Amino acid sequence: MTVLRAFKWTSVNKNCIAALALGMMTGFIAAYLILSPPEYIYQELSDPHTSSQLEGLAGPINDPGSHNNDEIFHRMENSSVADYLYQQVRVLCWVMTGPKNHEKKAKHVKNTWGKRCNILLFMSSQEDSSLPAVALPVKEGRNNLWAKTKEAFKYVYKHHMNEADWFLKADDDTYVILENLRYMLMVHSPSEPIYFGCRFKPFVKQGYMSGGAGYVLSKEALRRFVEEGVPNKTLCSQSASGSEDVEMGKCMERVHVTAGDSRDALGRGRFFPFVPEHHLIPGHVSKDFWYWKYIYYSSKEGMDCCSDNAVSFHYVSPNQMYVLEYLIYHLRPYGISYHVDMPTVTQEQTMEIAGNE
């Protein structure tokens, strides 16, 4: 009996010690991960590749301000060319958003790059006069993005067709440099049936434009989409669901709108579906990553990845909106300047723009 009791006590004691050791080890590992996240976690947070990775992020609680107290440092700037193109190449921007993102994301677009659009609209399912956000008759959710895109372009066509020459669609986590967009577009006529963006090659013969990187339709492309494409089930999908950018690409091709080449003279891209880090750091992701299979044109990694006149980046967090705003529009290396010639707009373009006003 004594031996049996000793055996039972020893077995129980060993189990307790094992459980205690396992618990301590688990706690140690959990604490390590919380206090010192592994490199891959830092990579995901700093360089997101999906919308879900930005889901819980919100912008700054305190207003960062508008950086207007540095006028003395900006006196050397000459924005006459950008101001000229603002008048000559009118861009309406509509931003895809939803009620839960009005405060978390949309308002930070308005505070940063959105203020350089000729017209800025936010497309949602709930009205918000502070943005302003348009309440479209569409349910929220990824399964309804194609429906929301169709309704948004129909709204723009009905209410603002003659107030702009080009019509840009962007997400509320996309950052756009409008000056570079106008520079790219100034050699094209709004009457040309064409649209531009980050061009992908599967699913559509002529390719299609990444929805996240943003894409811009000419006035004629918008007209064909709304008047000819959307009402015709043989040209555009009548479903609410489907990949928004792929369905747009199919519809554009069927109404004979050209998928334009947005690269610069050196063959470098202007529209990008990820944040700059993803494109600038060689080997950041495996060559098996879907991007390399989708991109229409050969694309480089490293500092030569991107045009000096890049237009857009995607998966930009609300805080990063302000970082890009500062780096692009306010940070200046002292003693370095560059000269920009006034662009030449053809007489035909001038007459056409004047006739649309």
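These questions and answers cover a predicted model.

Colleague: Is α6 parallel, perpendicular or oblique to α9?

Modeller: The axes of α6 (residues 145-160) and α9 (residues 244-254) come within 8 Å and cross at roughly 50°. Angles under 35 degrees count as roughly parallel, and 65 to 115 as roughly perpendicular. So α6 is, relative to α9, oblique.

Colleague: Which residues of α9 make the contact with α6?

Modeller: The crossing of the helices α6 and α9 is right-handed. From α6 come Leu145, Trp146, Thr149 and Phe153. By class, the contact has 4 nonpolar, 1 polar and 2 charged residues. On the α9 side it is made by Glu244, Glu247 and Met248.

Colleague: Which strand gives the most to the largest nonpolar core?

Modeller: That core has 86 residues. Among those with the most contacts inside it are Trp94 and Phe153. Leaving aside neighbours within four places in sequence, Trp94 is in contact with Phe153, Leu121 and Met123, among others. The strand that gives the most, with 6 residues, is β1.

Colleague: Which residue does a cis peptide bond join to Leu131?

Modeller: Omega of this bond is about 5°. The partner lies in the loop between β2 (119-124) and β3 (133-135). It is Pro132.

Colleague: Is Tyr315 buried or exposed?

Modeller: Tyr315 is found in the loop between β11 (312-313) and α12 (318-329). Its phi is positive, near 60°. Buried means under 20% relative accessible area. At 12% relative accessibility, Tyr315 therefore counts as buried.

Technical notes
Residues are numbered from 1 along each chain as its sequence is written. This is a predicted model: local features need pLDDT of at least 70, side-chain atom pairs count only at pLDDT 80 or more; totals for chains, interfaces and linings use all residues. Side-chain values use heavy atoms; hydrogens and water are left out. Axes are lines fitted to C-alpha atoms, for helices over the stretch in contact, and angles run from 0 to 180 degrees between N-to-C directions. Helices (H or I, at least four residues) and strands (E, at least two) are DSSP runs, numbered from the N terminus. Angles under 35 degrees count as roughly parallel, over 145 as roughly antiparallel, 65 to 115 as roughly perpendicular and the rest as oblique. A crossing is left-handed if the near helix is turned anticlockwise from the far one by less than a right angle, and right-handed if clockwise. Contact means heavy atoms within 4.5 Å. Ala, Val, Leu, Ile, Met, Phe, Trp, Tyr, Cys and Pro count as nonpolar, Asp, Glu, Lys and Arg as charged, and the others, Gly among them, as polar. A nonpolar core is a set of buried Ala, Val, Leu, Ile, Met, Phe, Trp, Tyr and Cys residues joined through side-chain atoms within 4.5 Å. Buried means under 20% relative accessible area, exposed over 50%, partly exposed in between (1.4 Å probe, protein chains only).
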